[in-house]
Amino acid sequence: MIELKFTAEKLSGEMIGSVVAADSFTKAKEKANLIASQNNLKIKSFEKKSSFIYKVKKNGDKIIRGEMNAFNKQEVIDALTRLGYQVISVNTKLLNFNRKPSQADILNFVKISADMLEQKLSYGETLSFLINDTRNKVFKEVLMDISKELKKGTDGEVAFMRHKDVLGKFTAYMLGLASKSGNMAEIYRATAKFLERKHEFKKSLRSALITPLFTVIVLFAAVVWYVAYIFPEIAKLFLRFKIELPPMTAATLDVSDFLVANMIPITLLIILPPIFLWRMYKHPKGRLKLDEYLMKIPYIGDLIHRTYIEIFCRVFYTLYTGSAVSIAPIKVAAESTDNTYFEKQVVEVGLPLMMERGAGITEGMSASGVFTDTALSKFQAGEETGNIKKSALQLADYYESDTTYRLNNFIEWVQIAIAMIILVVMVFITLVSAETAVIRPNRNQTVYNMSKLIERFLC
């Protein structure tokens, strides 16, 4: 969380200060401006909480170095002075890269918490153990803040949701819910299962798409470097002596000349599309469109779509209480997919139909247009038998098995395709290199060229 301190002036001229917190500096500034406009205040200055490196000593002892978070340098000096230290220096920490905890770190925290809770340890003891054992600075601060808030009597859901940007929205919601429930261990175990499955899918998807894509990019760069810079030096040596080039060598040299002549347009053509897609993904409307098309990509899009349904069903199973229309479980389950289009269709199309017209869960899900026929038929059977919670779990387990098998199969085919691409490239380079190696210069032309060189040397 970004903490921002602002100083404002009242209409009476009195100066006041306050602190706001948000996920980013921009959002914190917007929140401060909103408070100011609602209370007829004029903001004079902003100060962001930063890290400061200090050197102090006490009663002639050796110098102590440390780090402190504050809004300005004077706050650090005042705090250290009150503690009886002689301040030698205080400087802003220039390289303040605080890495967020990885999904593996959060998963490990939830799994260990579940184990310790099942062993009947109190939640306070569990948090204390994990705070002391956590090495990631950001995660440690988050856990310390949660522990402090819970001890003050803050609602568990509020305490955890304050850190949804670090923990993830679903994880923060579930852990906050667990702190108020009578069976924390069960909710933690269900959350761990969900995070583990999501982590495994992302890891498999990275193996299927990201790693091969990186391999192809590196291979493409190597081939371009060979064709554009290394190969021409060899080929043009023969041209200098007016030796006729073989067809493959001549064609490769033409490609090389084209690449060198159009290097800037080609580079822009390669770089601009990823930048455009990244900028589009950052915009809410752009991300909505990309998330919609993501599920329509041949084969891999279907796998991703099925995984979203699996995630939805697993979260729905964990939260569903059995009431006729449970808004919170459906909403949180849709948000947990991390796909804005899927979430929008469920929350803005399916839920209103259930709430306003009294439609059943299956009818609402069908109207959203993001569930497969298999999922809808399974939910309908669950509604008819009165055991929709069990149907959701069965559907989640089915799609987990299905997507795991199909994704592993897809990874194998991708690996074969990459191997074939590498083979073709290596054969191409070998053939072109071999062709240049067997070029035989014309004897008469060679004698003529040598006589010209000797004549130039003698002159």
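This report describes a three-stranded sheet, two pairs of packed helices and one buried valine in a predicted model.

## Basis of the description

The model is predicted, and for that reason local features need pLDDT of at least 70 and side-chain atom pairs count only at pLDDT 80 or more, while totals for chains, interfaces and linings use all residues. Residues are numbered from 1 along each chain as its sequence is written, and side-chain values use heavy atoms, with hydrogens and water left out.

Helices (H or I, at least four residues) and strands (E, at least two) are DSSP runs, numbered from the N terminus.

## The open sheet

Three strands in the order β2-β1-β3 make up an open sheet, and their pairing is antiparallel; two strands are said to pair if DSSP finds at least two bridges between them. At the edges lie β2 (15-22) and β3 (42-48), each of which pairs on one side only. From one strand to the next the twist averages 25°. In general, the strands of a sheet pair through backbone hydrogen bonds, either parallel or antiparallel.

Strand β1, residues 2-9, is joined to β3 in the antiparallel sense over six bridges, and eight bridges join β1 to β2, again running antiparallel. On the β3 side, Ala8 has Ile43 as its bridge partner, and Glu9 stands opposite Lys42. On the β2 side, Phe6 stands opposite Ser18. The hairpin of β1 and β2 has five residues between the strands, and in this hairpin Gly13 takes a positive phi near 100°.

## Helices α16 and α17

Helix α16 (residues 361-368) packs with helix α17 (residues 373-385) at an angle of about 165°, their axes being 9 Å apart; axes are lines fitted to C-alpha atoms, for helices over the stretch in contact, and angles run from 0 to 180 degrees between N-to-C directions. That angle makes α16 roughly antiparallel to α17, because angles under 35 degrees count as roughly parallel, over 145 as roughly antiparallel, 65 to 115 as roughly perpendicular and the rest as oblique.

From α16 the contact (heavy atoms within 4.5 Å) is made by Ile361, Thr362, Met365 and Ser366, and from α17 by Leu376, Phe379, Gln380 and Glu383. The residues of this contact of α16 with α17 divide into four nonpolar, three polar and one charged, where Ala, Val, Leu, Ile, Met, Phe, Trp, Tyr, Cys and Pro count as nonpolar, Asp, Glu, Lys and Arg as charged, and the others, Gly among them, as polar.

## Helices α8 and α13

Helix α8 (residues 169-178) and helix α13 (residues 300-319) pack at about 15°, with 12 Å between their axes, and they are therefore roughly parallel to each other. The contact involves Phe170, Tyr173, Met174 and Leu177 of α8, together with Val315, Thr318 and Leu319 of α13. The residues of the contact of α8 with α13 divide into six nonpolar, one polar and no charged.

## Val90 and its surroundings

Val90 lies in strand β6, which spans residues 86-92. With a relative accessible area of 4%, Val90 is buried (buried means under 20% relative accessible area, exposed over 50%, partly exposed in between, with a 1.4 Å probe and protein chains only).

Leaving aside its neighbours within four places in sequence, Val90 is in contact with Phe52, Ile53, Tyr54, Lys73, Val76 and Ile77. Val56 is 34 residues apart from Val90 along the chain, and the C-alpha atoms of the two are separated by 8.9 Å.
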